[in-house]
Amino acid sequence: MMSTNLLYSLTGLVLFALGLYALIVCSHLLRKILASNIMSSGVFLMLVSTAYRAGNGKIDPVPHAMVLTGIVVSVSATALALVLACRVQETSNVTLVREEYQHDTSGA
Amino acid sequence: MLTTAPAKYRRKRIDPLVVLVFFLLAGVTAMLGRTICIMPQQMPGLENEVARHLHNSGVASPVTAVLLNFRGYDTLLEVMVLFLAVLGVWSLTRATFVGYMGDVSPVQLAMVRLLAPFMFLVAAYLVWQGSHLAGGAFQGGAVLGGAGVLMLITDLPWLPMVPARPLRCGLALGPVVFLSVALGCLIWSGGFLVYPLQAAAFLLVLIEAACALSIGLTLAALFVGGRPYGELMEEQPYEGGSGQGDE
Amino acid sequence: MVAEMTYIMAGFDMLLVATLLWLAWRLLSTPDIFKAVVLFICFGLVMALAWVRLRAPDVALAEAAIGAGITGPLFLAALRRMERLSKEERRLDFEEDRDADHSPGKV
């Protein structure tokens, strides 16, 4: 049977891969920022699951502290990226509407 | 509009480059997955090391001890990163968001008025609890920031109204207190961030409180997304010049 | 009893992992960005559950407060700003002043 930390590590890996794929493929800037957030969640999940070992009772607090720091840093990076995205849209002529594909603007 | 006709917007043809990216990523993921699977499952971590030195750290919670004492460098730099993020946001744009979102329902207003003091209380409790249980500066700061955001999206635009100097002092409080404690430790006990044993508990709580306040303010300032107009009460409005000489 | 608990925990793990992956997949593939942001907030909350399961209560507290309280509103505010910008742009493009509700001055 699969151990718990292996399960969550692999989940973190899949989240990372999903985020990286969306980061490369999607064109909408907000979607890219969302994707990078998913990537960071995957990395955090991998780190915390290495700290979790079902066998011995103790939990390694060092990865927890690192992840805690990482979460706050990723929030600030996200905020900066969002402001940059807004500036890109202000200064360029790219119209980023709610969808990332072409559709007729008559209905919008 | 969007959800009614999803089939209309399906991607018509598949880009070969996207397929290439997909297979490259799938290969990398498979290799990483194999690495994870062959990693030793019962590797000793640093938990015993932390437990052995916990009584010297000044706090009873291992995570807080690691954050503020054993790996204090990380946290110090992380608080600086938060500060830099605000500087970056402020240098990019002015605040277009002034807080008032239009119609605020009376229920929301009453709710926020009830909830905000309670959230401040929870934040203070989390900071205090951080020295012996789960909690600490980040969690307290996050709750403070959440309360700030909640007040901003109701009709209480407190942050754009704060004068420039107190706001900046509040934002810099955490990094400044942390750095000055670290430098004081350098003079007092001869090591950067090596707290003297008797004063460690007090110093850690001091750092935590200052950082929580700064983190809360920082998160709210990031939500406002730009330099607030509050400083126009003190400074002259400028057109394209560099009017921030007091920083 | 212990074996039963183990099975229950394993089932909970599976459910949690499946929910996380499904939410991530949906939020990255849904065409509507607003929906994606809302799903991201849900993702943060489910992530907090995962932290609790991995016995990291500190991280869970931070994730719940930051994921739901800060990141979500940040994305929603940015989305609103972007939509307003693109609406203004479109209004300038087509020179048709339909409604007064997206004039540049009003936030």
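## Chains A and C

In this predicted model, 52 residues of chain A and 48 residues of chain C take part in the contact between the two chains. The size of an interface is often given as the accessible area lost when the parts come together. Between chain A and chain C, the buried area is about 4,500 Å². Carbon and sulfur atoms give 75% of that area. The number of salt bridges between chain A and chain C is zero.

## Helix α1 of chain A with helix α1 of chain B

Helix α1 of chain A covers residues 4-25, and helix α1 of chain B covers residues 16-37. Their axes come within 10 Å and cross at roughly 160°. Angles over 145 degrees count as roughly antiparallel, and α1(A) and α1(B) are therefore roughly antiparallel to each other. The crossing is right-handed.

Residues of α1(A) in this contact include A:Leu6, A:Leu13 and A:Tyr21, while those of α1(B) include B:Phe22, B:Leu25 and B:Ile36. Sorted by class, the contact of α1(A) with α1(B) has 15 nonpolar, three polar and no charged residues.

## Helix α3 of chain A with helix α4 of chain B

Helix α3 of chain A (residues 61-91) and helix α4 of chain B (residues 72-92) have axes that come within 10 Å and cross at roughly 10°. This angle makes α3(A) roughly parallel to α4(B). The two helices cross in a left-handed sense.

On the α3(A) side, the contact includes A:Val72, A:Leu80 and A:Arg87; on the α4(B) side, it includes B:Asp74, B:Glu78 and B:Leu92. The contact of α3(A) with α4(B) is made up of eleven nonpolar, three polar and three charged residues.

Definitions and conventions: Residues are numbered from 1 along each chain as its sequence is written. Chains are lettered from A and ligands numbered from 1 in the order in which they are written. This is a predicted model: local features need pLDDT of at least 70, side-chain atom pairs count only at pLDDT 80 or more; totals for chains, interfaces and linings use all residues. Side-chain values use heavy atoms; hydrogens and water are left out. Axes are lines fitted to C-alpha atoms, for helices over the stretch in contact, and angles run from 0 to 180 degrees between N-to-C directions. Helices (H or I, at least four residues) and strands (E, at least two) are DSSP runs, numbered from the N terminus. Angles under 35 degrees count as roughly parallel, over 145 as roughly antiparallel, 65 to 115 as roughly perpendicular and the rest as oblique. A crossing is left-handed if the near helix is turned anticlockwise from the far one by less than a right angle, and right-handed if clockwise. Contact means heavy atoms within 4.5 Å. Ala, Val, Leu, Ile, Met, Phe, Trp, Tyr, Cys and Pro count as nonpolar, Asp, Glu, Lys and Arg as charged, and the others, Gly among them, as polar. Buried area is the accessible area (1.4 Å probe) that two parts lose on being put together, summed over both. A salt bridge is a side-chain nitrogen of Lys or Arg within 4 Å of a carboxyl oxygen of Asp or Glu.
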